[in-house]
Amino acid sequence: MSDTTETEENEAPKIVLPDDTPVDLQKELRLSNVQEVLDQLDKELIGLKPVKTRIRETAALLLVDRVRNKMDLSASSPTLHMSFTGNPGTGKTTVALRMAEILHRLDYVRTGQLVTVTRDDLVGQYIGHTAPKTKDVIKKAMGGVLFIDEAYYLYKPENERDYGAESIEILLQVMENNRDDLVVVLAGYKDKMDTFFYSNPGMRSRIAHHIGFPDYSAEELMAIAKLMLAEQNYRLSEEAAKALFEYTKRRMTMIHFANARSVRNALDRARLRQANRLFNSAGKAVTKVDLMTIEAEDILASRVFQEGSLDLDGDEGADVEPVVES
């Protein structure tokens, strides 16, 4: 008798589960600890309901796939390369970080790390530099998520000597051949990303999920501001809250507005003004409450409240006309 026949005889018979075998998906969800990440995402980010819905749908797909594999319902791994489009400060990087955690907890990737890069990290300035730079980044990100911010800068058709196309070709190969061990997220402004995908059909065909990140409303930005302050043991007085809301509405109509990022910068400067105000309080005793409270004057000192001036998130001295929305 041959070794092959003997091996086949010694194999345990394959167990085929009945079609009506019950499945407890909620138990699988608890065992994966994915709900913890989803809850953290809700806590970290105000609004963004459509984005959170897509993330939950992706988590559900991977969870069901894992259960299917346990029941010998084999299927190829879903392609999860993504495009995140939206203005700055809308939470794209935070969502990518949480997505990496979800993918790891559901065994789609090995490490769950997030590696964030831009064109400068991938493209060299001279012949022969781009391939090793791109491959080094991919090697570092393998087993997790590679987040390429402002990905459209990889493609510069107007420059014949640009090496971004070489980086794109390498990425395309890896996205196809290693999709079960690396998820690539391309991020940037929607109009520029649309142009990028139109000019790069190979990249467009490998992106299965396009997620748009809407701008925040003034009310949502206020809620974000209060969360940011609470994390640092600060709070707004009633009048300061009114001043910040007015600041936010004005700032939203000006150029270089970056949603939550602009709000964070405004709060950082308000803290500077608060500290200066407390030091110059002419010997007045300062209490714990004083140290915690941002007052209206700390907000109203911004040049956003001066006619025709623009707060450039760190450079308030620029005289630029506000952008008039149609």
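Is histidine 256 buried or exposed, and what is its relative accessible area? Histidine 256 is exposed, with a relative accessible area of 53%. Here buried means under 20% relative accessible area, exposed means over 50%, and partly exposed is in between, with a 1.4 Å probe and protein chains only.

Before going on, a word on the model: it is predicted, so local features need pLDDT of at least 70 and side-chain atom pairs count only at pLDDT 80 or more, while totals for chains, interfaces and linings use all residues. Residues are numbered from 1 along each chain as its sequence is written, and side-chain values use heavy atoms, with hydrogens and water left out.

Helices (H or I, at least four residues) and strands (E, at least two) are DSSP runs, numbered from the N terminus. Histidine 256 sits in the loop between helices H12 and H13, and its phi is positive although it is not a glycine. Glutamate 150 also has a positive phi in a residue other than glycine. Here are the two residues side by side.

| Residue | Phi | Loop between | Relative accessible area |
|---|---|---|---|
| Glutamate 150 | near 50 degrees | strand S3 (145–149) and helix H8 (164–177) | 30%, partly exposed |
| Histidine 256 | about 65 degrees | helix H12 (238–251) and helix H13 (260–279) | 53%, exposed |

Now for the strands. Serine 83 belongs to strand S1, residues 82–86, and is buried, with a relative accessible area of 2%. Setting aside neighbours within four places in sequence, serine 83 touches Leu186, Met193, Phe197, Ile207, His209, His210 and Ile211; contact means heavy atoms within 4.5 Å.

In strand S2 (residues 114–117) the side chains alternate: Val115 and Val117 are buried and point to one face, while Leu114 and Thr116 point to the other and are not buried. S2 runs parallel to S3, and four bridges join them; two strands pair if DSSP finds at least two bridges between them. Leucine 114 has valine 145 of S3 as its bridge partner.

Finally, a pair of helices. The axes of H3 (residues 34–44) and H5 (residues 92–105) come within 9 Å and cross at roughly 170 degrees. Axes are lines fitted to C-alpha atoms, for helices over the stretch in contact, and angles run from 0 to 180 degrees between N-to-C directions. H3 and H5 are therefore roughly antiparallel to each other, a term for angles over 145 degrees. Residues making the contact include Val34, Leu38 and Leu41 of H3 and Val95, Arg98 and Ile102 of H5.

Technical notes:
Angles under 35 degrees count as roughly parallel, over 145 as roughly antiparallel, 65 to 115 as roughly perpendicular and the rest as oblique.
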